Amino acid sequence: HPIYDEKARSQLDLAIYIDIVNDVKFAWKVQRDVAERGWTEEQVREDIEKRLPDFSKYVDPQKADADVILRYEPSDQGLPYLKVKLIQKKDGKFPMITLKKDITLTGSKPGAVIKMYDDEWFGSAVTVVEMDGEIDMDNMEEQLKEIESNMEGLPSKTDSELTEAMVGLKSSPGSQNGTGLL
């Protein structure tokens, strides 16, 4: 956990933190551990609770010092859908990714809303790009082109590089939501 130690952190070019809120973490862990390890939901809960003090003391505080945070929350439409936030410190080392306008994607349920706003994160000014919901996989390429054409700051070589990469990974986990996009 290099962001935790100030000396190690000072040597980093870029500090990235993956922030998975407890509801999402629990749902993912239950899904995996019940299927792959044969655990009960109660065993998963006990395992998470056993690790929580160390997580709270050593891991979670690192997000305050990260330049960029990728945060996973339950969607406004509830789990299993996600709201994924790219939280970028305005004075951070991460090249700022922004949106020209908010985007609403329709088609399959639940659809998606992608928006940008300014906020504060542990006392630092941040810009947040947020995706709540999922891309319509039957119209994936068209929807990704709309998203990509409204994003600024992408370090891409072509105007369609992000779309092409995402379409190429269409069957990968997270390709339908902000997990893969952001």
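Trainee: Where is Phe 122 placed?

Mentor: In this predicted model, Phe 122 is in the loop between β6 and β7 (124-133).

Trainee: Is Phe 122 buried or exposed?

Mentor: Exposed. Its relative accessibility is 54%, and the cut-off for exposed is over 50%.

Trainee: What about its phi?

Mentor: Phi of Phe 122 is near 50°. That is a positive value in a residue other than glycine.

Trainee: And what is phi at Gly 38?

Mentor: Gly 38 has a positive phi too, of about 75°. Gly 38 comes just after α2.

Trainee: Back to Phe 122. Which residue contacts it, leaving aside neighbours in sequence?

Mentor: Lys 63 is one of its contacts. Leaving aside neighbours within four places in sequence, Lys 63 also touches Tyr 17, Asp 19, Ile 69, Arg 71 and Trp 121.

Trainee: Where does Lys 63 lie?

Mentor: In the loop between α3 and β2.

Trainee: A lysine in a loop. Buried or exposed?

Mentor: Buried. Lys 63 has 10% relative accessibility, and buried means under 20%.

Trainee: What does the side chain of Lys 63 join in a polar contact?

Mentor: The side chain of Asp 60, at 3.0 Å.

Trainee: On to the strands. Why call β2 largely enclosed?

Mentor: Strand β2 covers residues 68-74, and six of its seven residues are buried. So the rest of the structure largely encloses β2.

Trainee: How many bridges join β1 to β2, and in which sense?

Mentor: Five, and the two strands run parallel. Take Tyr 17: its bridge partner in β2 is Ile 69.

Trainee: And β2 with β3? How many bridges there?

Mentor: Seven, in the antiparallel sense. Strand β3 covers residues 82-89. Leu 70 has Leu 86 in β3 as its bridge partner.

Trainee: What lies in the loop between β2 and β3?

Mentor: Asp 76 is one of the residues there. Pro 80 has its place in that loop as well.

Trainee: Start with Asp 76. Buried or exposed?

Mentor: Exposed, at 63% relative accessibility.

Trainee: What is Asp 76 in contact with, beyond its sequence neighbours?

Mentor: Lys 83 and Asp 132, once neighbours within four places are left aside. The side chains of Asp 76 and Lys 83 make a polar contact of 2.9 Å. Asp 132 is 56 residues from Asp 76 along the chain, but their C-alpha atoms are separated by 7.1 Å.

Trainee: Now Pro 80. Is the peptide bond from Leu 79 cis or trans?

Mentor: The bond from Leu 79 to Pro 80 is cis, with omega near 20°.

Trainee: Which residues does the cis bond at Pro 110 join?

Mentor: Lys 109 and Pro 110, with omega about 15°. Pro 110 is in the loop between β5 (103-105) and β6 (112-121).

Trainee: Switching to pockets. What volume does the largest have?

Mentor: About 400 Å³. Its lining has 17 residues, and the closest to the centre are Ile 18, Ile 20, Lys 25, Phe 55 and Val 59.

Trainee: Which elements supply at least two residues of that lining?

Mentor: β1 (16-20), α2 (22-37) and α3 (41-59) each do.

Trainee: How does the lining split by class?

Mentor: Ten residues are nonpolar, two polar and five charged.

Trainee: And the second largest pocket, what is its volume?

Mentor: About 260 Å³. Thirteen residues line the second largest pocket, and Trp 28, Gln 31, Pro 80, Leu 82 and Asn 177 are the closest to its centre. So Pro 80 of the cis bond turns up here too.

Trainee: Which element gives the most to that second lining?

Mentor: α2, with four residues. By class, the second lining has seven nonpolar, five polar and one charged.

Trainee: α2 again. Which of its residues are buried?

Mentor: Val 24, Phe 26, Lys 29, Val 30 and Asp 33.

Trainee: Why might buried helix residues sit a few places apart?

Mentor: An α-helix has 3.6 residues a turn, so residues three or four places apart point the same way.

Trainee: What do the buried residues of α2 pack against?

Mentor: β1, α3, β2 and β3.

Definitions and conventions
Residues numbered from 1 in each chain as written. Predicted model: local features only at pLDDT ≥ 70, side-chain atom pairs only at ≥ 80, totals over all residues. Heavy atoms only, no water. 1 Å grid on protein atoms, 1.4 Å probe; cavity = no way out; pocket = protein on both sides within 12 Å on 5 of 7 lines; lining within 4 Å. Points joined across faces, edges and corners; volume = space filled by probe spheres on them. Nonpolar A, V, L, I, M, F, W, Y, C, P; charged D, E, K, R; others polar. Buried < 20%, exposed > 50% of the residue type's maximum accessible area, 1.4 Å probe, protein only. Pairing = 2+ DSSP bridges. Polar contact = N/O pair within 3.5 Å; in protein donor to acceptor, adjacent residues only side chain to side chain. Contact = heavy atoms within 4.5 Å.
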